[in-house]
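Colleague: Please take a close look at the interior of this model, residue by residue where that helps. I would like the cut-offs stated along the way.

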Amino acid sequence: MNQSSSNITLGASQRDSFSKAVTKNVIVVALGVTVIYLNASLINTFHKQQIFNTNPRYILFIHMVINDTVQLTLTILLFLIGYTLYHINVCLCSFITLLALLTTENTPLNLSCMALECYVAVCRPLHHARICTVRRTYVFIGLIWAISMLSILPDLFVALATEPVAFFSTDVFCLREIVFRNPHIILKRDTWYVLLLVVIWLTLLYTYFRILFTARAASADAKKARNTILLHGFQLLLCMLIYVDPLLKTLLKYWFPNSLTDSLFACYIIISILPRSISPMVYGLRDKTFRMYLKKHLLCRLTLVTV
């Protein structure tokens, strides 16, 4: 999430020219609007079809779509603020940053839950209906948000306890490192990220190999589930880039000192926008049932527009 503004925190000497800044903002907004529109179509399709509302797999999927839509909207907002307002109030920045961080950490946790659901469906098919109920799915979604809050909210409490009161009435460039600058927060963040990624990757590897062994029986569903877990891993790999953001920015500053803003802009597209565009394309359009209803929905809208 910090990457959304990092390309314009380098001081006036490193800031983009007006034409380059306009170009970058147009690219970001165009990509963002495209992904958000597709996500909105998926959400609308989900709510209009009862078949999706009673299926844990689709409930987890649409939760990730909604979560990624919020995350993408917030990072684009921070990007635009960085180029237009440049400074905003610390309280407002803290609110946007915390919500963006929450939705960012939700994505890998959601992917883990989807991988576990695939594992139960393929390796424990007789118990799937009993284990993966709609109620338990919403409980897991609540746990996803609770875990993310346990990770993020301590940053706010530490800032409230250590920063002077006057700090919260000042205007700053909106970055996590500026608003939550206590070194204990950085240490906690790095430790939590390592723990979180180890647990999530172990979950994905376990589910993948269990499904892989099941797929040897030439089951079409098992092979599809195996490919789905691979896609989970690829998307998670992209999401993990946000966790190496500080190291990446340091390397880019060393490797490309004269074109740092352009390098960081490319990283922002890859780290913040690309992973959020994978969910609708891979999971929504790849699923035959969802794709069928989505086509009907889009055709109906196209017919209404042309009439």
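Modeller: Glu 163 counts as buried because its relative accessibility is 13%, where buried means under 20% relative accessible area, exposed over 50% and partly exposed in between, with a 1.4 Å probe and protein chains only. This is a predicted model, in which local features need pLDDT of at least 70 and side-chain atom pairs pLDDT 80 or more, while totals for chains, interfaces and linings use all residues. Residues are numbered from 1 along each chain as its sequence is written, and side-chain values use heavy atoms, without hydrogens or water.

Glu 163 sits in the loop between H7 and strand S2 (171-172); helices (H or I, at least four residues) and strands (E, at least two) are DSSP runs numbered from the N terminus. The side chain of Glu 163 is joined to that of Arg 181 by a polar contact of 2.8 Å, that is, a donor and acceptor pair of N or O atoms within 3.5 Å, with residues adjacent in sequence counting only if both atoms are side-chain atoms.

Another buried polar residue is Thr 104, which belongs to helix H5 and counts as buried because its relative accessibility is 6%. Its side chain reaches the backbone oxygen of Ala 100 at 2.7 Å.

Turning to empty space, a search of the whole structure finds 2 cavities of 30 Å³ or more. On a 1 Å grid over the protein atoms alone, a cavity is a set of points where a 1.4 Å probe fits but cannot get out, a pocket is an open set with protein on both sides within 12 Å along at least five of seven lines, and lining residues have an atom within 4 Å of a point; a volume is the space filled by probe spheres on points joined across faces, edges and corners. The second largest cavity holds about 40 Å³ and is lined by Arg 176, Glu 177, Phe 180, Ile 185, Ile 186 and Arg 189. Helix H8 (176-179) and H9 each supply at least two of these lining residues, and H9 gives the most, with 3 residues.

H9 returns in the second largest pocket, whose volume is about 250 Å³. Of the 14 residues that line this pocket, Leu 109, Ser 112, Ile 147, Val 199 and Ile 200 are the closest to its centre. Helix H5 (90-123), helix H7 (134-162) and helix H9 (183-215) each contribute at least two residues to the lining of the second largest pocket, to which H9 gives the most, with 6 residues.

The largest nonpolar core has 25 residues, of which Leu 42, Phe 46, Phe 61, Ile 62 and Phe 290 touch the most other members; such a core is a set of buried Ala, Val, Leu, Ile, Met, Phe, Trp, Tyr and Cys residues joined through side-chain atoms within 4.5 Å. Two or more of its residues come from each of helix H2 (18-48), H4, H5, H7, H9 and helix H13 (288-306), and H4 gives the most to this core, with 7 residues. A second, separate core of 20 residues includes Ile 96, Leu 101, Leu 102 and Val 179.

H4 itself is mostly covered, with 22 of its 28 residues buried. At the N-terminal end of H4, Asn 55 acts as a cap, with a side-chain oxygen 2.9 Å from the backbone nitrogen of Arg 57. In the loop between H4 and strand S1 (88-89) lies Tyr 86, which has a positive phi of about 70 degrees although it is not a glycine.
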